Amino acid sequence: MAFPEGFGWGAATAAYQVEGGWDADGKGPCVWDTFTHQGGERVFKNQTGDVACGSYTLWEEDLKCIKQLGLTHYRFSLSWSRLLPDGTTGFINQKGIDYYNKIIDDLLTNRVTPIVTLYHFDLPQALEDQGGWLSEAIIESFDKYAQFCFSTFGDRVKQWITINEANVLSVMAYDLGTFAPGIPHCGTGGYQAAHNLIKAHARSWHSYDSLFRKEQKGMVSISFFATWLEPADPNSVSDQEAAKRAITFHLDFFAKPIFIDGDYPEVVKSQIASMSQKQGYPSSRLPEFTEEEKKMIKGTADFFAVQYYTTRLIKYQENKKGELGILQDVEVEIFADPSWKNVDWIYVVPWGVRKLLKYIKDTYNNPVIYITENGFPQSDPAPLDDTQRWEYFRQTFQELLKAIQLDKVNLQVYCAWSLLDNFEWNQGYSSRFGLFHVDFEDPARPRVPYTSAKEYAKIIRNNGLEEHL
């Protein structure tokens with residue numbers, strides 16, 4: 001079964017997770033450098049991204065992998081602190097510019113479209129020291145950085161993602177504190193960071209729109225992480241409402257302001273306000289957008305970028321004790337069906353992606369959709385013949401075809417996570433998502449294709465699956 005003509009087949013990486021060269025050639029420290037160097041078992045075996053896949057010096061090897069797969073698209077991120085070591089344009093690192101220029105030029109020479117993410121979790125430490133995403137000053141800093149990137153690379157890059165998984169970053173980094181910078185602000189920090197992330201994205205979209213779009217003719221969006229959330233008991237009204245509410249907090253919290261009307265969903269505002277009142281706060285823990293900000297935020301995305309891995313079941317759970325936290329605000333319990341197969345946090349639920357895509361189509365006026373990440377891990381040591389993982393991919397592609405052909409979803413690009421085994425945040429190198437195996441014990445960091453890489457290359461060659469739906 002063939003995908004539409006011109007469908008985009010990609011793979012993705014992120015700067016901190018693959019580049020290494022953490023202090024090479026004038027790069028400034030980022031929050032993940034600081035976080036991992038502090039130790040304390042916050043990352044598996046205290047591993048770091050200091051060397052990672054060595055992509056800073058081994059780009060040519062990455063390019064060979066891209067060509068071997070026959071990718072039409074490659075999504076990668078820029079290291080903000082490699083380009084601007086202190087996060088500002090006060091000092092520009094030419095070696096960083098040269099590195100990314102080479103990647104972009106090599107991709108275009110090989111007829112591969114770059115999808116470039118400006119920011120994938122690795123905030124320059126200098127900006128974190130000034131408050132990071134909890135400070136409103138970050139909006140201006142991000143906008144200046146975005147303009148710098150648009151003017152430096154935008155003559156060749158036509159597809160931009162401003163911020164990777166703002167919904168994950170706000171919760172993990174600034175609410176729970178399990179991601180860098182690692183300081184929890186339970187029940188408040190996530191909302192404050194989210195507020196600034198949305199405004200920073202919108203500001204940079206407008207900068208592109210007014211200063212660069214006419215000449216560069218590119219597109220700018222933001223990517224969201226989205227787990228499909230299904231009611232645990234489909235006949236229970238409270239579970240149905242809980243699942244809807246959970247999706248609203250998880251995805252629509254960010255997507256509705258940007259795609260629809262510039263403001264948070266009503267249920268989000270009312271839940272947090274009523275919880276805050278019960279907890280004795282003088283006002284809601286969720287900041288409010290001004291009317292002017294709502295106008296600025298509305299309509300600031302040129303396509304819908306979503307990252308799907310898995311599905312969960314949702315049950316209503318009243319927050320009787322008035323506990324602080326985002327899950328407590330939603331009043332839900334999240335769990336997996338025990339019959340679902342899994343590796344780590346990812347359960348194999350292929351139909352979830354089809355339901356998610358249909359939800360996006362119906363809720364957001366049938367936008368152009370890019371899946372900017374999707375994948376399945378192997379635990380270390382990972383066999384090169386990764387048949388279980390390939391089965392996950394194959395079933396996912398079947399569901400994507402159903403979404404396109406039966407549900408008329410406007411899906412145009414698919415990117416597998418990840419091109420290479422890499423540094424998977426708190427899990428270090430213990431969780432392997434790569435289409436190519438990387439030997440982290442060998443200084444040469446050789447890349448060897450898994451079975452799934454060879455099978456994915458066939459899918460790309462055929463622009464689809466050989467079997468019928």
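Which helices and which strand each supply at least two residues of the lining of the largest pocket? In this predicted model, the contributing elements are helix 8 (166–174), helix 9, helix 10 (237–261), helix 13 (326–330) and strand 10 (332–335).

The largest pocket has a volume of about 1,200 Å³. Its lining comprises 44 residues. Val168, Met172, Phe225, Thr227 and His250 are the closest of these to the pocket centre. Nonpolar residues account for 26 of the lining positions. Twelve lining residues are polar, and six are charged.

The second largest pocket holds about 190 Å³ of space. Phe44, Lys45 and Gln47 are among the residues that line this pocket. Asp380 also belongs to the lining. Further lining residues include Tyr429, Ser430 and Arg432. The run from His437 through Val438, Asp439 and Phe440 to Glu441 contributes as well. By class, this lining has five charged, four nonpolar and three polar residues.

Helix 9 also contains Gln216. The helix spans residues 189–216. Is Gln216 buried or exposed? The residue has a relative accessibility of 11%. Gln216 therefore counts as buried, since that value falls under the 20% cut-off. A polar atom of the Gln216 side chain lies 3.0 Å from the backbone oxygen of Phe150. Phe150 is also one of the residues that Gln216 touches, when those up to four places away in sequence are not counted. The other contacts on this count are Ser151, Gly154, Asp155, Lys158 and Tyr208.

The cysteines were examined next. A disulfide is a covalent bond between the sulfur atoms of two cysteines. How many disulfides does the model contain? The count comes to zero. Cys30 is in no disulfide. The nearest cysteine sulfur to that of Cys30 belongs to Cys53, 15 Å away. A pair must lie within 2.5 Å to count, so Cys30 and Cys53 do not qualify. Cys53 is likewise in no disulfide. For Cys53, the nearest cysteine sulfur is that of Cys65, at 9.7 Å. This distance also fails the 2.5 Å cut-off, so Cys53 and Cys65 are not counted as a disulfide.

Cys30 has a relative accessible area of 1% and is therefore buried. Cys53 counts as buried because its relative accessibility is 0%.

How values were computed:
Residues are numbered from 1 along each chain as its sequence is written. This is a predicted model: local features need pLDDT of at least 70, side-chain atom pairs count only at pLDDT 80 or more; totals for chains, interfaces and linings use all residues. Side-chain values use heavy atoms; hydrogens and water are left out. Helices (H or I, at least four residues) and strands (E, at least two) are DSSP runs, numbered from the N terminus. Buried means under 20% relative accessible area, exposed over 50%, partly exposed in between (1.4 Å probe, protein chains only). A polar contact is a pair of N or O atoms within 3.5 Å; within protein, one must be able to donate a hydrogen and the other to accept it, and residues adjacent in sequence count only if both atoms are side-chain atoms. Contact means heavy atoms within 4.5 Å. On a 1 Å grid over the protein atoms alone, a cavity is a set of points where a 1.4 Å probe fits but cannot get out, and a pocket is an open set with protein on both sides within 12 Å along at least five of seven lines; lining residues have an atom within 4 Å of a point. Grid points are joined across faces, edges and corners, and a volume is the space filled by probe spheres set on the points. Ala, Val, Leu, Ile, Met, Phe, Trp, Tyr, Cys and Pro count as nonpolar, Asp, Glu, Lys and Arg as charged, and the others, Gly among them, as polar.
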